[in-house]
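This report covers two topics: the surroundings of a ligand, and one residue in a strand. The structure comes first.

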Amino acid sequence: MKLEDVKSIGVMGGGVMGGGITQALILAGYKVICRDLKDEILEKTKDTMINGRFGIQGGVDRGKQTQEEMDAALARLTLTTKVEDLKDVDLLIEAIGGGENGQLENKPLKLKIWAEMDALVKKEAVFASNTSMFTIADLAVATNRKDRFIGMHLFSPANIMKLVEVTYTADTTEDTIKLIIDLSKSMGKTPVRIKDVPGDTGFIGNRIFAATRKEAQKIVDEGIATEEDVDTAMMLGFNWPAGPLGMGQGARSGWK
Ligand SMILES: NC(=O)c1ccc[n+]([C@@H]2O[C@H](COP(=O)([O-])OP(=O)(O)OC[C@H]3O[C@@H](n4cnc5c(N)ncnc54)[C@H](O)[C@@H]3O)[C@@H](O)[C@H]2O)c1
């Protein structure tokens with residue numbers, strides 16, 4: 001599938017990432033159907049998208065978008081709890097978390113959802129996971145479309161951060177990789193290409209960040225410096241926007 005063939009995009013999950021990805025896509029001109037489990041969740045998704053710290057209304061107030069562009073973007077948005085509404089999308093992006101054990105990254109839940117989506121969504125559609133750490137090939141096995149299955153990892157807040165990690169497996173076709181690279185660029189983002197490897201290590205960013213965080217924690221555990229001073233050292237000494245110990249919580253909440 002080529003970018004010009006993408007007429008509508010499904011987003012599974014309307015949380016921190018699904019909401020931000022949806023916002024970035026509707027502003028880039030795509031029709032998006034965002035699905036979450038309950039109407040109350042979707043009401044919050046829409047409110048954050050419009051009135052949140054990184055919401056479209058703030059963009060209008062600061063002159064980044066016009067009121068007309070905001071109205072047109074919101075007219076491209078469908079929020080739904082009905083999974084069947086996703087059956088005709090050309091691309092499905094998964095950004096789910098939670099489930100019974102409430103884990104942000106829940107592999108059994110992702111596998112279950114991908115198998116259900118494979119049975120529901122039209123055969124030509126491309127599937128992309130926004131997982132931060134799971135090996136993409138492990139998720140693709142839940143489907144019969146391993147050639148059209150790929151990692152598309154955005155960063156929080158997804159409508160602001162420029163990076164997209166595009167992770168391809170041994171089965172992902174070059175057409176599918178190109179589609180996600182072109183889509184990312186059309187959203188004003190910068191994609192990087194990554195080969196999928198076993199081990200649930202994360203791709204580039206989270207893998208390097210995990211090593212940094214481990215070292216920062218070691219400094220605290222050995223009584224060398226406090227958490228606050230470790231974060232201050234990295235922010236003021238290396239110009240990081242947040243320290244390694246404060247970063248996780250900030251990203252997880254969408255920096256609200
Ligand atoms: N927060 C971050 O910094 C970040 C960054 C990049 C990637 N990610 C990844 O993105 C995914 C989502 O993370 P998040 O921070 O948005 O989590 P979140 O908890 O904010 O949102 C997850 C949403 O998924 C919904 N959900 C659960 N099951 C669903 C289903 N069957 N259908 C539709 N929606 C369903 C939940 O109701 C919830 O609203 C995870 O894989 C996470 O690791 C998170």
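A polar contact is a pair of N or O atoms within 3.5 Å. The model described here is predicted.

## Polar contacts of the ligand

An oxygen atom of the ligand and a polar backbone atom of Gly97 are 3.3 Å apart. Two side chains also take part: a polar side-chain atom of Asp36 is 2.6 Å from an oxygen atom of the ligand, and for a polar side-chain atom of Asn130 the distance to an oxygen atom of the ligand is 3.1 Å. The ligand taken alone exposes 830 Å², and 88% of that is buried by the protein.

## The shell around the ligand

There are 24 residues around the ligand, and those that come nearest are Val16, Met17, Asp36, Glu105 and Lys110. By type, the shell consists of 11 nonpolar, 8 polar and 5 charged residues.

Several elements contribute to this shell. At least two residues each are supplied by the helices α1 (16–27), α5 (107–120) and α10 (247–252), and by the strand β6 (149–154).

## Thr80 and its contacts

Thr80 belongs to strand β3, which covers residues 77–80. Is Thr80 buried or exposed? Its relative accessible area is 6%, so Thr80 counts as buried, the cut-off being under 20%.

Leaving aside residues up to four places away in sequence, Thr80 touches Ile33, Cys34, Arg35, Asp36, Leu42 and Asp85. Asp36 thus appears twice in this report: Thr80 touches Asp36, and Asp36 is one of the residues that come nearest to the ligand.

Notes
Residues numbered from 1 in each chain as written. Predicted model: local features only at pLDDT ≥ 70, side-chain atom pairs only at ≥ 80, totals over all residues. Heavy atoms only, no water. Helix = DSSP H or I, 4+ residues; strand = E, 2+ residues; numbered from the N terminus. Buried < 20%, exposed > 50% of the residue type's maximum accessible area, 1.4 Å probe, protein only. Contact = heavy atoms within 4.5 Å. Near = heavy atom within 4 Å. Polar contact = N/O pair within 3.5 Å; in protein donor to acceptor, adjacent residues only side chain to side chain. Areas by Shrake-Rupley, 256 points an atom, 1.4 Å probe, with all protein chains shown as cover. Nonpolar A, V, L, I, M, F, W, Y, C, P; charged D, E, K, R; others polar.
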